[in-house]
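I opened my notebook beside the viewer and jotted things down as I looked them up. Here is the model I worked from.

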Amino acid sequence: MRVLFDVVSTDARLPVVRTASPKSSTTPLDIAPLWPAPLPNSGLCGDAEWIVLDANDHSADPHFSSSSAFGNREDLLTAHRDGRICRWSGRDSTLSTAETLLTVSDTTVTCFAAVPGRRDISESFDHPPEEPCIVVGTEDGSLKCFRQPVGSQEWVDEATVPEAHALAVTSVTWSPDGSHFVSAGDDGEAKLWSRRCQARAVVEKCDAPVAAVSWSTSADALVVGFGEKLRVATLRDLVTDANEKHLGRSSVEWRAHKGAVLTVDWSRTMILSGGEDGHYKIWNPDGALLFTGSSPRVSLGDAHPFDPAVTGNPLSAVTAVRWSPSGDTFAVGSNDWIAVCDRSGRILSQTFREFGLPHTLAWTRDGAHLAVASTPSLLALGRIIPDPKRWRTLEVSVDSDTRLLLKDLKSQASRRLEQRDSIAHWSIACDALLVVTTRQCFVYKLSSALACLENCQAAYVDDLQQPCFFAKQGVRHACLVQPSQIQVDAQDRSRVRAFDILTGSTVPGPSGHYIGIKECGYIRLVLYACEYMCVKISLSQQENTQWRKLVILDDAGSLFLSPLHSPCWTRLHTSPVQSFAWDETNALVAISNSTVVCWFVPAASMPLDLLEEFQITKEAGDKNLESQIVAFHDGYLTMRRPDGALLQIAVSPFANAVFDQIAKLRELGTAEIAFAAIGNTVAVHQLQCIHTIAHPIRRTAETALLCRKTDDAVHLLLEHGLVYRALEILMEVHRWQEALDLATAYKTHVDTVVAHRKKFLDGFGLSETDSKFKAALQATEIDWSAIQAKIRMDTEREEKATNAAARPHTQS
């Protein structure tokens, strides 16, 4: 991952005026700024925020839409100490001009927060849409609320709360549903307010100035940073009447840093904090430390006020942290340094540049851009460049907002793929390149890398009625999720649009199972009666969908596998799994601690209880603890270590082909050798018996029985009139009741079933206890000679049918 920043000084964007020099009328004009730059109180207060101010406003620059994947143009707002709230516009991720939306007079702005006029479509909170709103905190402790009426470009002063805090307001933060906000101040209080600045309750009183506040994703708790501590306060007991209720008894508090806590953010089940000690840390809501990272050291000569034992350069204070909207990455900033890390804390990208001291980091909703507001007057906008993706010898990378770079790794030939609109999503897999822009979807077939570079024409183009929220690519189908199709209602099955990659025809969605949204970021997967809390799901990619397998990773790190169309969950690994992936040949690989485990999952219906015998285990070493899988193709696993290095491990590509022959039983000799190699003598004996069967239907049925598909075997035999063979299988697996019912229904071989049942019980010295068999035994005379004669007749009939089927083939 790379981040490309454009940094500007907000003071340099102030308007200028041209004045004539008094020296002479013929002297060229001198250019002088209206105000000397920088001006006192003209710089940023430090806050910046992305917001959709007018979802229906298309008059502004249509190209600068960092959240275009969500359909509406997002604007970057900044607050200035002279009272201005400005909106920035530009193109191609370059800041150009600032427009003043509103001005707060007679005070110094210290912070602000904005909320859009419409609920985000992915939110499940039930409240009516409201007008856009901006709340401003000031140095004298007051709060001011502004709103923008529908259809108007002007902002109206909605409410003012003088002395909302005894000292300066340090932070204001809207709840995720936008129904209320919390303010914090140097007076050590955090207060809850309605959308129109009506006091709700005093949330927390602290013994030090509150530096930062953040909401939980589910809006039922707050994390407050004050002094050296963090405190999590739940809001379940919150009341909104006149009797204020303190929530100290439902709080969890701990010392977080060896110095003042400067910034905090909350995503899902992880809290991120930064402090004056130069560390950024990840916590769970109970205060357990999950990760500690450090900022770069400052130059020599600066004293370190918090730990005299530290030698060398002290660490630079971490002044800003922010989770990305997806919660998979976060950004952290200190003096002249910005880094983007994954959830485990590993640095994906870091930039050293003259950012100043970052005060606020702001992501766009699609996570494609990152804004940095630094005091006193620097503003930066970064574009996130994801890592290149490869499919065989073709590498695809992002060249700009509207352009991809295609490169053949063999010949080093390359070409650029230009789109008219901004690219929202793209993926490459299964010999196809899927590109989704703000208005269209393109599919490029990749028969070969060189052919793609020479003639890169889309095989399929679709105009999107709505922008794409999420895209997923498979072997034959692609799935696009659009905002209006995301439903929390479990009864609505038509949530996504799936289409055939080759033809573009719509594919109907599944009707027997669904995926629902649960607890803000986690997925609850419900298939019939099975239920798991999932953090990741993945489907194998066979052409025949009947053979596909579904794998889920739950929140405890357990990995479960099930056939897609007949759910039967099997736990694959006892140790917690960090990462897993399928390859195109139906092999599944997972990383557990420092161990790499690969299962060769048969494509057809091989019993899942044999998976332990179909696996390869390799130790990757302690240096590869917590590694993540990057790619798994053609027998090679690429994983990224915690230090960022890539490691490639070879997994035999031949084993999967062998076990695939076992599953499909196309080559019984190969299957017999493979089962013998893993020591499964029972399967070897069964295969040897299958070798001797001449009747094709019987051979297929015995194969199904080997694969633990008894019902399929019985059904196949009955379809072809082989009733005795169906009874024989049921008796072999001791399903006596079903055998008796089947014989009674077909009025044949009832005495055969009763006789074999009696022989089985006599062998163990047992007496009959089943009422149906007792009645059948009294009504049936057991004559083994008659039974054997009946079986011989059925056998002879099978042989005649087999010979008749083979005769035309022999003559030809």
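My entries go from the whole chain to a few helices and single residues.

**Entry 1: the whole chain**

I noted at the start that this is a predicted model. I counted secondary structure and got 11 helices and 55 strands in the chain. Of the 812 residues, 50% are buried. I then looked up the accessible surface, which comes to about 38,500 Å², with 51% of that belonging to carbon and sulfur atoms. How many of the contacts between residues at least 6 apart in sequence join residues at least 24 apart? I found 46%.

**Entry 2: the annotated repeats**

I checked the UniProt record, an unreviewed entry, and it places the feature "repeat: WD" at residues 162-194 and 254-284. For residues 162-194 I got 0% helix and 55% strand, and the end C-alpha atoms lie 16 Å apart. For residues 254-284 I got 0% helix and 65% strand, with 12 Å between the end C-alpha atoms.

**Entry 3: Tyr 280**

I picked out Tyr 280, which sits in strand β22, residues 279-283. Is Tyr 280 buried or exposed? Tyr 280 has a relative accessible area of 2%; the cut-off for buried is under 20%, so Tyr 280 counts as buried. I also took a C-alpha to C-alpha distance from Tyr 280 to Phe 291: the two are 8.3 Å apart in space and 11 residues apart in sequence.

**Entry 4: Leu 722, ahead of α7**

Next I moved to Leu 722, in the loop between α6 (710-719) and α7. Leu 722 is buried, with a relative accessible area of 11%. Which residues does Leu 722 touch, not counting those up to four places away in sequence? I listed His 695, Ile 697, Arg 698, Leu 717 and Glu 798. I also looked at Asp 794, which is 72 residues from Leu 722 along the chain; their C-alpha atoms are separated by 8.2 Å.

**Entry 5: helix α7 and its partner α8**

Helix α7 covers residues 723-732, and I found that 8 of its 10 residues are buried. The buried ones are Val 723, Tyr 724, Arg 725, Ala 726, Leu 727, Ile 729, Leu 730 and Met 731. Just after α7, I spotted a positive phi of about 65° at His 734.

I then set α7 against α8: the axes are 8 Å apart, and the packing angle is about 165°. Angles over 145 degrees count as roughly antiparallel, so α7 and α8 are roughly antiparallel to each other. Their crossing is left-handed. On the α7 side, I noted Val 723, Ala 726, Leu 727, Leu 730 and Met 731 in the contact. They meet Trp 736, Glu 738, Ala 739, Leu 742, Ala 743 and Tyr 746 in α8.

**Entry 6: α8 against α10**

How do α8 (residues 736-746) and α10 (residues 771-779) pack, and at what angle? I got about 45°, with the axes 11 Å apart. That angle makes α8 oblique to α10. The crossing in which α8 passes α10 is left-handed. From α8, the residues in this contact are Trp 736, Gln 737, Leu 740 and Asp 741, and they meet Lys 772, Phe 773 and Ala 776 in α10. I put a mark beside Trp 736, since I had written it down for α7 and again for α10.

Methods:
Residues are numbered from 1 along each chain as its sequence is written. This is a predicted model: local features need pLDDT of at least 70, side-chain atom pairs count only at pLDDT 80 or more; totals for chains, interfaces and linings use all residues. Side-chain values use heavy atoms; hydrogens and water are left out. UniProt positions are given in the numbering used here, feature names are shortened, and annotations may be inferred rather than shown by experiment. Helices (H or I, at least four residues) and strands (E, at least two) are DSSP runs, numbered from the N terminus. Buried means under 20% relative accessible area, exposed over 50%, partly exposed in between (1.4 Å probe, protein chains only). Contact means heavy atoms within 4.5 Å. Accessible areas come from the Shrake-Rupley method with a 1.4 Å probe; for residues, only the protein chains shown count as cover. Axes are lines fitted to C-alpha atoms, for helices over the stretch in contact, and angles run from 0 to 180 degrees between N-to-C directions. Angles under 35 degrees count as roughly parallel, over 145 as roughly antiparallel, 65 to 115 as roughly perpendicular and the rest as oblique. A crossing is left-handed if the near helix is turned anticlockwise from the far one by less than a right angle, and right-handed if clockwise.
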